[in-house]
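Hi,

Here is the structure I promised to pass on to you. Have a look at it first, and then read on for my notes.

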Amino acid sequence: MMKKINCPICFKTNNCTDDVSVLCSNCKCLINLKVSNYDYANKGGQNIPDKKKHDARLENCKLRFNIIKKYSDKYQTFVDVGTGSGEMIIVGKKFFNHSIGFEPSKELNDYYKEHQIEVYNSEFDYKKIQPFLKKNINIFYSLNHVLEHNPNPIKLISDISFYNKKIAFYIEVPLYTGISFKDQGFNWKLWYDQHYALYSIDTLKYISKELNMQILEHGFRTFSSDSYSFKKNLFLFIKHPIRFLNTCLLYFTNNKHTFMDIFLRDYGYIIIKYK
C-alpha cells in the first residue's frame, strides 16, 4: 500500500512517491518527509552572532525594509515574530514608532538585554501587545523564515490576528522554485529537517486566500551575501543565460528589488492584510 502524507499547510492527503519529499497537489508546497519536531526554546534557533554575522544579518534586514518601509505610514508598530538575533527589530526602529519581537530561544535572552533589543523571550503572546490593542494601534507583523518551521502556518497567522484585524503581514519563506534548489536539489542548505516544507509563490497565495486576506504585493528575495558574490553570480549567469537576459529585462523595467532577487528567486515574500 502506498504511503500517504497530510500537507502541513493545506492538510490535503498526498500519495508519497518517494521517501524524501512530496509536491502537494493542492497548495503547491514541497513537503519534507524527513522533518523533525524541534523545541526552539532549547534547540535549533538562531545562534548568538559574531560581528561579521551580525553585520550580514543587518544588511539583509535593510534590504527587506526597502520593501516594508512604505507601510510605516499606516502601521505604527512593527512586531517581528521569530526574530532570531533581533536585527529586524534594530532596523524597524528607523521606520516605525515602536519595534518589538518574539523569540522562544532562551540562549538569546542575555544578548537582547546587552544590546537593548526589545524582544519577548517566548512564542507569540497576544497579552504582550495588549497595550497597543487598547490604543487601537495598527500593527505590521513580520514572519521571516518562520512558516517553514511551523507544522500549521495558517493557524499561526490566524492566532496572531485573532484579537485584531487592523494588521498586515510581511511573510518570507524559502522557495523550491528558485535557482539554488533547482541546481542543488536536496543538498541545498535550506532543505533540512527543521523545515516542514519549501514553498512556491502559489503556496503563499493559497495561504492568503484561505485566510480571506488581500495581497498587497508579492515578489522575490535573496540574502545579501548571495546578492554580492561576484564569482558565484558570474558562474550562474553563464549557466543560466536565458534567465539572465529575462532578469535584465525585468530589473530595468521594475527595479524595486536587487538584480539577484529577480535572478535567483530563492526566497519569496508576500504582504497581506485583512480586507
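A word on vocabulary before the notes: when I say that two residues are in contact, I mean that they have heavy atoms within 4.5 Å. Please also keep in mind that this is a predicted model.

Let me start with Thr203, which sits in helix H7 (residues 201–210). Thr203 has a relative accessible area of 0%, so it counts as buried. Setting aside neighbours within four places in sequence, Thr203 is in contact with Ile9, Cys27, Lys28 and Cys29. Lys28 appears again in a polar contact: the Thr203 side chain reaches the backbone oxygen of Lys28 at 3.1 Å.

Now for the sheets. One is an open sheet of 3 strands, ordered E3-E4-E10, with antiparallel pairing. Its edge strands are E3 (21–23) and E10 (197–198), each of which pairs on one side only. Between E3 and strand E4 (residues 30–32) there are 3 bridges, in the antiparallel sense. If you would like a pair to look for on screen, Ser21 stands opposite Asn32 in E4.

The other sheet I noted is also open and has 7 strands, in the order E7-E6-E5-E8-E9-E12-E11, and its pairing is mixed. Strand E7 (119–120) and strand E11 (213–221) are at the edges; each has a single partner strand, so one side of each is without a neighbour in the sheet. E11 is joined to strand E12 (residues 267–274) by 8 bridges, and the two run antiparallel. Here you can look for Phe220, whose bridge partner in E12 is Gly268.

Finally, helix H9 (residues 230–239) holds Leu234, and Leu236 is found in helix H9 too. Which of these leucines is buried, and which is partly exposed? Leu236 has 6% relative accessibility and therefore counts as buried, while Leu234, at 41%, counts as partly exposed. Leu234 also belongs to a nonpolar surface patch with Phe230 and Ile238, and together they have about 360 Å² of accessible area.

As for Leu236, not counting residues up to four places away in sequence, it touches Ile179, Asp183, Phe263 and Leu264. Of these, Phe263 is 27 residues from Leu236 in sequence, and their C-alpha atoms are 9.2 Å apart in space.

Happy browsing, and do write back with any questions!

Best wishes

Conventions
Residues are numbered from 1 along each chain as its sequence is written. This is a predicted model: local features need pLDDT of at least 70, side-chain atom pairs count only at pLDDT 80 or more; totals for chains, interfaces and linings use all residues. Side-chain values use heavy atoms; hydrogens and water are left out. Patches are made of residues with over 30% relative accessible area and no salt bridge: like charges are joined within 9 Å, nonpolar side chains (Val, Leu, Ile, Met, Phe, Trp, Tyr) within 5 Å. Accessible areas come from the Shrake-Rupley method with a 1.4 Å probe; for residues, only the protein chains shown count as cover. A salt bridge is a side-chain nitrogen of Lys or Arg within 4 Å of a carboxyl oxygen of Asp or Glu. Helices (H or I, at least four residues) and strands (E, at least two) are DSSP runs, numbered from the N terminus. Buried means under 20% relative accessible area, exposed over 50%, partly exposed in between (1.4 Å probe, protein chains only). Two strands pair if DSSP finds at least two bridges between them. A polar contact is a pair of N or O atoms within 3.5 Å; within protein, one must be able to donate a hydrogen and the other to accept it, and residues adjacent in sequence count only if both atoms are side-chain atoms.
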